[in-house]
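Colleague: Please take a close look at one part of this model for me. I want the strand pairing, step by step.

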Amino acid sequence: MRFLLISLCFLVVSCGSYPKKQNFKADNPATKNIENPYFSDGSLDYVYKASIDVYDRNFSGLLIIKKIAEKEHRVAFTTEMGNKMFDFTFIEDDFKVNFILDELNKKILINILKKDFKVLVTENLIVSNSYSNNEIDVLETSIFNKKHYYFIEDSQLTQVVNTKNGKEKVLFLFLKINNHLASQIEIKHSNIKLTINLKSITQ
Amino acid sequence: MRNFVFILFFISLAVQAQTKMSVTEAESLKTLVKQQALTTKTISSNFTQYKHLDFLSNDIVSKGKLAFKTPDLVKWEYTDPYNYVIIFKNETLFINDEGKKNQVNMGSNKLFKELNGLIINSIKGDMFDDEAFDITYFKKDKNSQVHFIPKDKKSSKFISEFQITFNEKGDVLEVKMIELSGDFTKIVFNNKELNKPLADAIFTN
C-alpha cells in the first residue's frame with residue numbers, strides 16, 4: 001500500500017510538465033509562434049570557436065553553420081588547423097552526413113550532434129502549449145518528437161530546454177545577443193557529461 | 001570569329017601562367033629545395049590561413065606565427081581571430097586554447113605521426129618522395145608549384161593533394177591541402193626568416 005502511494009506521488013510529480021514545475025502558468029498558445037533567428041541569415045557565414053568538454057576530455061575547433069536555402073543548413077566542424085572532422089546537411093526533417101572522420105563515425109555520437117544542431121538551425125516551430133510568468137514566455141514545441149521548451153524574454157529567444165519525462169535533458173543558452181547574432185552559445189547535457197561552448201568569430 | 005580568337009588568346013594566357021616543367025627543370029628545383037631544407041635549421045614566419053568550404057560565401061581567415069626548429073619542433077600560434085597554440089614536440093602535441101592547456105600523446109597514433117612528418121616536410125618543402133606521392137612540377141611565373149598526390153589510400157582520405165608553391169630560392173611561399181571534396185586549407189607564409197636563433201623554451205606550453 002505504501003509503495004502504491006509512493007508510486008502514485010511519483011506519477012503525479014513526473015506528470016507535471018516541465019514549465020509548471022518551474023512555476024510557470026499555462027496561457028493561450030494560439031497567438032504565439034517560435035522564431036529562432038540565430039542562423040537564419042543566408043548571407044552570413046556563421047563561424048564559432050568551439051570548446052567541447054566530454055567526460056574528462058576537452059576538444060576544440062571551429063563550428064561552421066551556413067543557411068544554404070529555405071529550411072536547409074550545412075553544419076561543419078574543423079580543427080583550428082583546418083582539418084575537417086564532420087560535415088552535415090539538414091534539409092527540413094532530413095539529415096545527411098556528407099563527411100565524418102572514421103574515429104568519430106559512431107551512431108550514438110552522430111545522433112547527439114544531430115539533435116543538438118537541429119535545435120540550433122530550426123527557425124520556425126509550431127507551438128503546442130504556452131506558459132508564462134511575468135517576464136518570461138515559455139513555448140512548448142516538439143523536435144524529432146521530443147518536447148522542447150523555448151524561453152522568450154523581451155521578445156528574444158534566450159534558452160531552449162529539451163526534456164525527457166519532464167526532466168531537463170539538454171539546455172541551450174543564447175548569450176550576448178546582438179542583432180540576431182548570439183555571440184555566445186552554451187549547450188549543456190545533463191544525462192551525459194557533455195558541454196559545448198561556442199564563441200562567435202563570424203567575420 | 002573574333003570572339004573565338006579572343007577566347008583562344010585568353011586560354012593560352014591561362015595555360016602559360018602554369019606550365020609543366022621539363023625533367024631537367026624539375027630535377028634542378030628538387031636539388032635546390034633539398035639543399036635549402038638541409039641548411040634550414042630554424043624558420044620563423046607569419047602566416048595567413050584560408051579555410052575554403054565550398055558552401056561558404058567567404059574563406060575563413062586566421063592569422064598567426066609559425067616557429068620551426070630542426071629536427072622536429074613545430075609551433076603554430078594563432079593570434080587572430082582567436083588565441084590558440086599547438087606545439088608538435090617529440091611524440092606529444094601541446095595545446096593552449098585561450099589558456100586551457102591540454103596535451104595529447106601521439107606515440108600510439110600512427111596517423112598523427114604521419115601528419116606531423118608531412119607538416120614538417122611541407123614547411124621545408126621537402127616532400128619529394130616518389131614512393132609516397134605522385135609528383136608533378138609546374139612553372140608559375142617566376143615561382144614553381146609542385147603537386148603531391150598521396151599514393152596511400154588512408155592518407156588520401158584526409159588530403160587528396162598537397163600543392164606547394166616555391167619562390168626562385170626554393171623557399172616555401174604557400175601550402176595548399178586539398179580534401180577529397182575539393183574543400184581546402186591554404187597557408188600563405190610572409191615575413192619568413194631562416195636560421196634566426198630560436199630557444200627551445202619557445203616550444204613549451
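**The sheet of chain B**

Modeller: Chain A has a mean pLDDT of 89 (the predictor's confidence in each residue, from 0 to 100), and 90% of its residues reach 70 or more. This is a predicted model, so local features need pLDDT of at least 70, side-chain atom pairs count only at 80 or more, and totals for chains, interfaces and linings use all residues. Residues are numbered from 1 along each chain as its sequence is written, with chains lettered from A and ligands numbered from 1 in the order in which they are written.

One stretch of chain A needs care. Over residues 8-14 of chain A, pLDDT stays under 50. The model has 2 contacts for that stretch beyond four places in sequence; a contact means C-beta atoms, placed from the backbone, within 7 Å. Where pLDDT is low, the predicted coordinates should not be read in detail.

Now to chain B. Its secondary structure comes to 4 helices and 12 strands. These are DSSP runs, numbered from the N terminus: helices are H or I, at least four residues, and strands are E, at least two. The 12 strands form an open, antiparallel sheet. Its order in chain B is β1-β8-β9-β10-β11-β12-β2-β3-β4-β5-β6-β7. The edges are β1 (18-20) and β7 of chain B, each of which pairs on one side only. From one strand to the next, the twist averages 20°. To pair, two strands need at least two DSSP bridges.

Start with β2 and β3. Strand β2 (residues 42-52) of chain B runs antiparallel to strand β3 (residues 60-69) of chain B, and 10 bridges join them. Within that pair, B:T48 has B:K63 in β3(B) as its bridge partner. A helix also packs on the sheet: α2 (residues 23-39) of chain B. That helix touches β8 (133-140), β9 (143-150) and β10 (161-166) of chain B. Its direction makes about 100° with that of β8(B), where axes are lines fitted to C-alpha atoms, for helices over the stretch in contact, and angles run from 0 to 180 degrees between N-to-C directions.

Next, follow the sheet to the β7 edge. Strand β5 (residues 84-89) of chain B is joined to strand β6 (residues 92-97) of chain B by 6 bridges, antiparallel. Opposite B:I86 stands B:I95 in β6(B). The hairpin of β5(B) and β6(B) has 2 residues between the strands, and B:N90 takes a positive phi near 50° there.

Then comes the pairing of β6(B) with strand β7 (residues 100-105) of chain B. These strands also run antiparallel, with 6 bridges. B:I95 appears again, opposite B:N102 in β7(B). So B:I95 has partners to name in both pairings: B:I86 and B:N102. This hairpin, of β6(B) and β7(B), has 2 residues between the strands, and B:E98 takes a positive phi near 45°.

How do the contacts spread along the chain? In chain B, 44% of the contacts with a separation of 6 or more are between residues 24 or more positions apart.

Last, the partner chain. In chain B, 23 residues are in contact with 22 residues of chain A. On that side of chain B, the elements that give two or more residues are β2, β3, β4 (73-80), β5 and β7 of chain B. The edge strand β7 of chain B is thus one of the elements that touch chain A.
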